[in-house]
Amino acid sequence: MTEPRPHPDAGPPVPTRRELNKAATRQAITDAALGLLRSKGPGNFTVEDIADAAGISRRTFFNYFSSTDAALASIVHGFLDNAIKQLRLRPVDEPMLESAQAALVALADPKAVAPLAELFTLTQQSPLMSHTELEAWDHCRAQVFTVARERLAGTPGAQDELYIHALAGSIISCGKAAMEVWFSRRGPDLTPASLAELRQLLIDAMALLATGFNTPAPPSATRSS
């Protein structure tokens, strides 16, 4: 029997003033990092530059991030966090890959993928940002791994670390494949139509994985009788 979803009125705890201030500071840092990346280009600004632009001290910066790469990688975390929230709303007995696809469908606004798309675009254009891309995807994989372990707890094979690692890694690999296909088609285009296409590619990639990459034969491959 499908476990009911959380009651819609049972929202998350109201954040404290301290939590809100920390979130605002973190956002100011990432906004400053992205602004400097746009204006100065990769490798042309420092932690001190980000701190000055965000109106904070260098010490405060390091309370939140370990490097400029870490600050830039966090730009995509908002999209990921929203996707993870949607994933956790899915029925616990639903296949993980179906839940992943549904979570992406639930992010209806194409603008939700804009930070993910912009960072990916910038990393493709500059080898200097390869560490930033790796850090962003590592964060994604860790989050998916955690959710997969939670979802599979108590089911046969749930203690199989290889299964959970392979599942999380496959989801991330399909996500990266969707990003690469999108970039090959659209390049640095971040218009609403382009972002909508990226969102659909991410959904389609999860569907391919869920079906074991079994797709119908193209019309041209079907012979008439």
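This section describes the largest pocket and the enclosed cavities of a predicted model.

The largest pocket holds about 580 Å³ of space. Its lining comprises 16 residues, and those nearest the pocket centre are Ala-23, Arg-26, Gln-27, Gly-78 and Asp-81. Two helices, α1 (17-40) and α5 (77-88), each contribute at least two residues to this lining, with α1 giving the largest share, 8 residues. By class, the lining of the largest pocket consists of 6 charged, 6 polar and 4 nonpolar residues.

Beyond the pocket, 2 cavities of 30 Å³ or more were identified. The largest cavity encloses about 310 Å³ and is lined by 18 residues, of which Leu-80, Ala-83, Leu-104, Val-144 and Ile-171 are closest to its centre. At least two lining residues come from each of α5, α6 (96-106), α8 (130-152), α9 (161-186) and α10 (192-210); the largest share, 5 residues, is supplied by α5. The lining of the largest cavity contains 17 nonpolar residues and 1 polar residue, and no charged residues.

The second largest cavity has a volume of about 70 Å³. The residues that line this cavity are Val-76, Leu-116, Leu-119, Phe-120, Thr-123, Glu-133, Ala-136, Trp-137, Cys-140 and Met-179. Two or more of these residues are provided by α7 (114-125) and likewise by α8. In the lining of the second largest cavity, 8 residues are nonpolar, 1 is polar and 1 is charged.

Helix α5 thus appears in both of the larger linings described above, contributing at least two residues to that of the largest pocket and 5 residues to that of the largest cavity.

Definitions and conventions. Residues are numbered from 1 along each chain as its sequence is written. This is a predicted model: local features need pLDDT of at least 70, side-chain atom pairs count only at pLDDT 80 or more; totals for chains, interfaces and linings use all residues. Side-chain values use heavy atoms; hydrogens and water are left out. On a 1 Å grid over the protein atoms alone, a cavity is a set of points where a 1.4 Å probe fits but cannot get out, and a pocket is an open set with protein on both sides within 12 Å along at least five of seven lines; lining residues have an atom within 4 Å of a point. Grid points are joined across faces, edges and corners, and a volume is the space filled by probe spheres set on the points. Helices (H or I, at least four residues) and strands (E, at least two) are DSSP runs, numbered from the N terminus. Ala, Val, Leu, Ile, Met, Phe, Trp, Tyr, Cys and Pro count as nonpolar, Asp, Glu, Lys and Arg as charged, and the others, Gly among them, as polar.
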